[in-house]
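Here are a few exercises to work through with the model open next to you. Try each one before reading its solution.

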Amino acid sequence: MINSNKTVLVTGGSGGIGQAIVAAFGREGYNVAINYFTNEKGAIDASKSVTGGGAFGIYQCDVGDMTQVLKMKEQIERDLGEVDVLVCNSGIEYFGLFHLAKEEETERLYKTNLFGAVNCARAFLPPMINKKSGSIIMNASICGEMGFSCEVDYSVTKAGLIGLTKALSREVAPSGVRVNCVSPGFIATPMTAHFSEEALSSIKEEVPLGRIGKSEDISEAVLYLASDKASYVTGTVLSVNGGWY
């Protein structure tokens, strides 16, 4: 039997930031749908942090494939009920010169980072509109705000999420649905683990707060945007970057 708790879907819930987001909502008693594509172990590890009394489900899905997204939606609604909060967190990175990028690498990047969010928003919006209640949160990046050398395509996908947030928020606001975006700075995650100590030291010197961000810095911002405390907040980009602009 489905309980009465609110349900959140966290795409990319198996990664560093994703696991922290799952933990944040899990502590607050949400039912948590944990999406992953290849990292099943990470999703299982994330599920152990759902400790606030809500249920959880683990769902393998390539969010870049709309057919798979719609199948995942059916499974989640059967297991946990309709999704009240959608966190579009799935993302991969590509680092290299723009003109040397291979087509298959950039295709996967755009499919996952940008079209994955588009697909999920399209799939999970209708029930929110019908209930006149819901929250969608995109996970963008400082790269999408500023643009970074050797991360051009990645920056474009993240800038696209910011544009999606601003435009979609206007469209669905009359239906009681809020759409916001969190924009992390440099965060210590498995995705950034390849940076050398020298590079990390250089970045810390550039960040006014003088430290590398933690996954929990992002998860707490996402939790705020989803909460009633942010009931008058929509179409915004919440930059969580230690002042690194």
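**Exercise 1.** How many helices and how many strands does the secondary structure of the protein chain come to?

*Solution.* Keep in mind that this is a predicted model. Go along the chain and tally up: you get eight helices and seven strands. Next, check the overall packing. The radius of gyration is 17 Å, and the globule rule gives 18 Å for 245 residues, so the chain is as compact as a globular protein of that length. For the outline, the C-alpha atoms fill a box of roughly 55 × 35 × 35 Å along the principal axes.

**Exercise 2.** Work out what percentage of the residues is buried, and what the accessible surface is made of.

*Solution.* Start inside: buried residues are 52% of the 245 in the chain. Then look at contacts with a separation of 6 or more: 73% of them involve residues 24 or more positions apart. Now move outside. The accessible surface is about 11600 Å², and carbon and sulfur atoms account for 53% of that. Finally, count charges: there are 21 positive and 27 negative side chains, with the centres of the two sets 7 Å apart.

**Exercise 3.** How many disulfides does a search of the whole structure find?

*Solution.* The search comes back with zero. Take cysteine 88: its nearest cysteine sulfur, on cysteine 120, is 5.2 Å away, while a disulfide needs the sulfurs within 2.5 Å. Cysteine 181 is unpaired too, with the sulfur of cysteine 88 the nearest at 10 Å.

**Exercise 4.** Is cysteine 88 buried or exposed, and what about cysteine 181?

*Solution.* The cut-off for buried is under 20% relative accessible area. Cysteine 88 has 4%, so it counts as buried. Cysteine 181 has 0%, so it is buried as well.

Key. Residues are numbered from 1 along each chain as its sequence is written. This is a predicted model: local features need pLDDT of at least 70, side-chain atom pairs count only at pLDDT 80 or more; totals for chains, interfaces and linings use all residues. Side-chain values use heavy atoms; hydrogens and water are left out. Helices (H or I, at least four residues) and strands (E, at least two) are DSSP runs, numbered from the N terminus. The radius of gyration is taken over C-alpha atoms; the globule rule is 2.2 Å times the number of residues to the power 0.38. Buried means under 20% relative accessible area, exposed over 50%, partly exposed in between (1.4 Å probe, protein chains only). Contact means heavy atoms within 4.5 Å. Accessible areas come from the Shrake-Rupley method with a 1.4 Å probe; for residues, only the protein chains shown count as cover. Lys and Arg count as positive and Asp and Glu as negative; His and the chain ends are not counted. The place of a charge is taken as NZ of Lys, CZ of Arg, CG of Asp or CD of Glu.
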